[in-house]
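The following exercises are to be worked with the sequence and the model at hand. Each task is followed by a solution in steps.

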Amino acid sequence: MAAKKLYESFSKELIEEVHRWGSMKQTGVSLKYMMEFGSKPTPRNLLISSQFLHKELPMRIARRVIDLQTLPYGLSLKPAVLKVRDWYLDSFRDLRSFPDIKDENDELEFTKMINLVKVRHNNVVPMMALGVQQLKKDLHPKIDYKDLDEIHQFLDRFYMSRIGIRMLIGQHVALHDPNPPPDCVGYIHTKMSPLEVARDASEDARSICLREYGSAPKVNIYGDPNFTFPYVPTHLHLMVFELVKNSLRAVEERFVDSDKVPPPVRIIVADGLEDISDEGGGIPRSGLPKIFTYLYSTARNPLDEHSDLDTIDLATVSTLAGYGYGLPISRLYARYFGGDLQIISMEGYGTDAYLHLSRLGDSQEPLP
């Protein structure tokens, strides 16, 4: 797939409009406002929400298009990155060509359209991972990961923006559910049980480990089953899934030739904290500074054997490791709501991942 210039597939007028909208100031929305506004999803409130998104989403998407065009080391010209850029340009064009939203019918049509935009962007993360892998193959082997700060900063910014865009679209679409689950305001669960989410995420991670290795260590979860707080369950699920997946792989590979029963992965759920610990041998000290970068992984990359972007089915590339994206993106999800992720590892023994979560609902700080 040859690298295409931006002007070859999109009109000059569209590109000029992208730059105009990309220079506008985006509006942050706090979780407190999102919860209060979403608690009464009346037709009028949904109309106001759609009118806001009609103006807000093109600004955010345009900025990402501009960023995707100005990446260093030739990353902008990698076929996978060009494909991602085209998805963003298509979405920008769809949003800008949608007429002003004036009534309930307009709002419903707009909601269908932005949901399709969200679906279009489902595979942005693995496709960008493929673009970074394409870059790695071309880089001089002596280039240090620390010298690629510009790329790491872009990817942090890019993925944090993606989380925000998907949160805005997902929240608006979810408010149309005629039978929402109990205690849910759109995407937000006002009484989420972190223990229950950890259990579901762990089972999902174990099923992948079983598929990859034929066996999977146990996961023991400790905590108060009655403890709840407002959060977005899909975000917590993603973070716990990634961390448990890493631990399962480390333990499984360490004990693959051993007669000993692999020790369980342990999850301790406390007030605003989840501690995921394993005895998988730890992370080499030389690798610790790199674990939150997007160019580092200790596993074979599952996309390496796929070079044809038109035939690859990213939905089926769901292996246990290899993208090098699990930890940095999990940390972004934690930080999106004011939390954080810390990794402490003892080489030769195991690793502890401390996931700090901020309770939602009280913060009036605008989200990214």
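Throughout, a residue is called buried under 20% relative accessible area, exposed over 50%, and partly exposed in between (1.4 Å probe, protein chains only). The model is predicted, so local features need pLDDT of at least 70 and side-chain atom pairs count only at pLDDT 80 or more, while totals for chains, interfaces and linings use all residues. Residues are numbered from 1 along each chain as its sequence is written, and side-chain values use heavy atoms, with hydrogens and water left out.

**Exercise 1. Positive phi outside glycine**

Task: Determine where aspartate 183 is found, and state whether it is buried, partly exposed or exposed.

Solution. Step 1: Aspartate 183 is found in the loop between α8 (149-174) and β1. Helices (H or I, at least four residues) and strands (E, at least two) are DSSP runs, numbered from the N terminus. Step 2: The relative accessibility of aspartate 183 is 37%, so this residue counts as partly exposed. Step 3: Phi of aspartate 183 is near 65 degrees, a positive value in a residue other than glycine. As background, most residues other than glycine have a negative phi.

Task: Carry out the analysis for tyrosine 73: in which loop does it lie?

Solution. Step 1: The loop between α4 (43-69) and α5 (79-97) holds tyrosine 73. Step 2: Its phi is positive, near 60 degrees, and the residue is not a glycine. Step 3: With a relative accessible area of 40%, tyrosine 73 is partly exposed.

**Exercise 2. Strand order and pairing**

Task: Establish the strand order of the open sheet of 3 strands, and identify which strands stand at the edges.

Solution. Step 1: The order is β1-β2-β4, with antiparallel pairing. Step 2: β1 (184-185) and β4 (229-231) each have a single partner strand and stand at the edges, so one side of each is left without a neighbour in the sheet. Two strands pair if DSSP finds at least two bridges between them. Step 3: β1 and β2 run antiparallel and are joined by 2 bridges; here valine 185 stands opposite isoleucine 188 in β2. Step 4: Strand β2 (residues 188-192) is also joined to β4 by 2 bridges, again antiparallel. In this pair, methionine 192 stands opposite phenylalanine 229, and histidine 189 has tyrosine 231 as its bridge partner. Step 5: The hairpin of β1 and β2 has 2 residues between the strands, and glycine 186 takes a positive phi near 65 degrees there.

**Exercise 3. Salt bridges**

Task: Find how many salt bridges the whole structure contains, and locate the partners of the one formed by arginine 96 and glutamate 17.

Solution. Step 1: A salt bridge is a side-chain nitrogen of Lys or Arg within 4 Å of a carboxyl oxygen of Asp or Glu. Step 2: The search finds 15 of them in the whole structure. Step 3: Arginine 96 and glutamate 17 form one, at 2.7 Å from N to O. Arginine 96 lies in helix α5 and glutamate 17 in helix α2 (residues 12-22), so the pair ties together parts that are 79 residues apart in sequence. Step 4: Arginine 96 is partly exposed at 28% relative accessibility, whereas glutamate 17 is buried at 16%.

Task: Which helix holds both lysine 112 and glutamate 109, and which holds glutamate 242 and lysine 245?

Solution. Step 1: Lysine 112 and glutamate 109 both lie in helix α6 (residues 104-120), 3 residues or about one turn apart. Their side chains meet in a salt bridge of 3.4 Å, N to O. Lysine 112 is exposed at 52% relative accessible area, and glutamate 109 is partly exposed at 42%. Step 2: Glutamate 242 and lysine 245 are 3 residues apart in helix α10 (residues 233-254), about one helical turn. The closest N and O atoms of their salt bridge are 3.0 Å apart, and both residues are buried. Step 3: A network of salt bridges links Arg64, Asp67 and Arg157.

**Exercise 4. A contact distant in sequence**

Task: Describe the position of serine 345, and how far apart it and glycine 282 are in sequence and in space.

Solution. Step 1: Serine 345 is found in strand β7 (residues 340-346). Step 2: This serine 345 is buried, with a relative accessible area of 17%. Step 3: Serine 345 and glycine 282 are separated by 63 residues in sequence, and by 5.3 Å in space, C-alpha to C-alpha.
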